[in-house]
Amino acid sequence: MKLFIDTAIYDEIQEINQWGVLDGVTTNPSLVKKSKENFEDLIKKIAQEVQGPVSAEVPSGSCEDMVKEGRRLSQLSDHVVIKIPMTEEGLKATAILTRENIPVNMTLIFSPSQALLAARAGATYVSPFIGRLDDISTNGMDLIASISKIFKLHGIGAEIIAASIRHPMHVVEAALNGADIATVPYKVFKQMLNHPLTDQGLESFNKDWNMYLKGE
Ligand code: E4P
């Protein structure tokens with residue numbers, strides 16, 4: 001399973017990219033707002049850094065407006081993926097952009113039927129939101145499992161991005177349930193890295209190594 005980072009904060013992207021684990025980036029209007037940067041400049045800068053798919057979201061609106069904005073954003077970099085919300089207009093816009101070879105990530109997916117529609121409209125990526133389902137006492141991971149089963153059964157090529165990830169076990173479970181990609185917040189990347197036994201092990205190895213060097 002590939003790993004994207006779910007943030008628009010450039011420093012966070014750069015830091016995790018240096019780990020060598022990053023395949024792409026997803027942003028959304030709320031994340032871009034937090035960055036306080038110019039949207040177009042930010043997307044160009046991120047694409048240059050990561051050299052992989054960068055989802056830039058168009059505001060929900062008419063098919064015509066979303067297509068126009070999608071075409072414009074796709075000019076920013078070859079790595080730009082247009083993120084389009086799961087609406088009727090969004091499906092129409094996805095079909096048009098896909099025919100023009102502009103990749104689309106359909107977002108705000110909360111059911112297998114929505115994922116199927118997104119894939120049939122031509123989306124390169126579908127983004128089911130796990131955490132937001134868990135938040136309303138529904139098992140988000142079941143959605144990943146169902147979409148994965150449907151796509152495999154019918155040879156559907158759209159890639160499943162497990163989104164709205166809240167903690168490391170979401171990442172692990174998404175991988176076990178067939179997600180192609182998990183888009184992981186910066187904080188969760190850090191949580192994935194840390195383990196108390198690693199810290200303990202390091203401490204004792206360092207202590208023993210220093211004693212060995214001193215001939216103790
Ligand atoms: C997905 O691409 C979205 O940007 C994101 O995962 C939403 O997560 P949230 O539910 O934490 O806002």
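**Figure 1. Strands 7 and 8 of the predicted model, with A162 and its bridge partner A182**. In this predicted model, A162 has its bridge partner in strand 8, namely A182. Strand 7 spans residues 159–162 and strand 8 spans residues 181–184; the two strands run parallel and are joined by two bridges. Strands of a sheet pair through backbone hydrogen bonds, and the pairing may be parallel or antiparallel.

**Figure 2. The closed barrel of eight strands**. The strands follow one another in the order 1-2-3-4-5-6-7-8, with parallel pairing. From one strand to the next, the twist averages 30°.

**Figure 3. Helices 3 and 4 packed on the sheet**. Helix 3 touches strand 2, strand 3 (residues 54–57) and strand 4 (residues 80–85). The direction of helix 3 makes about 165° with that of strand 3. Helix 4, formed by residues 63–74, also packs on the sheet and touches strand 3 and strand 4. Its direction makes about 160° with that of strand 4.

**Figure 4. The buried residues of helix 1**. Helix 1 comprises residues 10–17, and Y10, I13, I16 and N17 are buried within this helix. These four residues lie on the same side of helix 1, because they cover an arc of only 140° around the axis. An α-helix has 3.6 residues a turn, so residues three or four places apart point the same way. The cover over the buried residues of helix 1 includes strand 1 (residues 2–6), strand 2 (residues 24–26), helix 3 (residues 39–50) and helix 10 (residues 186–193).

**Figure 5. The surroundings of T94 in helix 5**. Helix 5 covers residues 88–99 and contains T94. The relative accessible area of T94 is 0%, and therefore this residue is buried. Leaving aside residues up to four places away in sequence, T94 touches I84, V104, M106, A118, A121, G122 and A123.

**Figure 6. S148 and its contact with the backbone of N177**. S148 belongs to helix 8, which consists of residues 140–153. Its relative accessibility is 5%, so S148 counts as buried, the cut-off being under 20%. The side chain of S148 reaches the backbone oxygen of N177 at 3.4 Å. When residues up to four places away in sequence are not counted, S148 touches I160, N177 and G178.

Conventions. Residues are numbered from 1 along each chain as its sequence is written. This is a predicted model: local features need pLDDT of at least 70, side-chain atom pairs count only at pLDDT 80 or more; totals for chains, interfaces and linings use all residues. Side-chain values use heavy atoms; hydrogens and water are left out. Buried means under 20% relative accessible area, exposed over 50%, partly exposed in between (1.4 Å probe, protein chains only). The arc is that of the directions from the helix axis to the C-beta atoms. Contact means heavy atoms within 4.5 Å. Two strands pair if DSSP finds at least two bridges between them. Axes are lines fitted to C-alpha atoms, for helices over the stretch in contact, and angles run from 0 to 180 degrees between N-to-C directions. A polar contact is a pair of N or O atoms within 3.5 Å; within protein, one must be able to donate a hydrogen and the other to accept it, and residues adjacent in sequence count only if both atoms are side-chain atoms.
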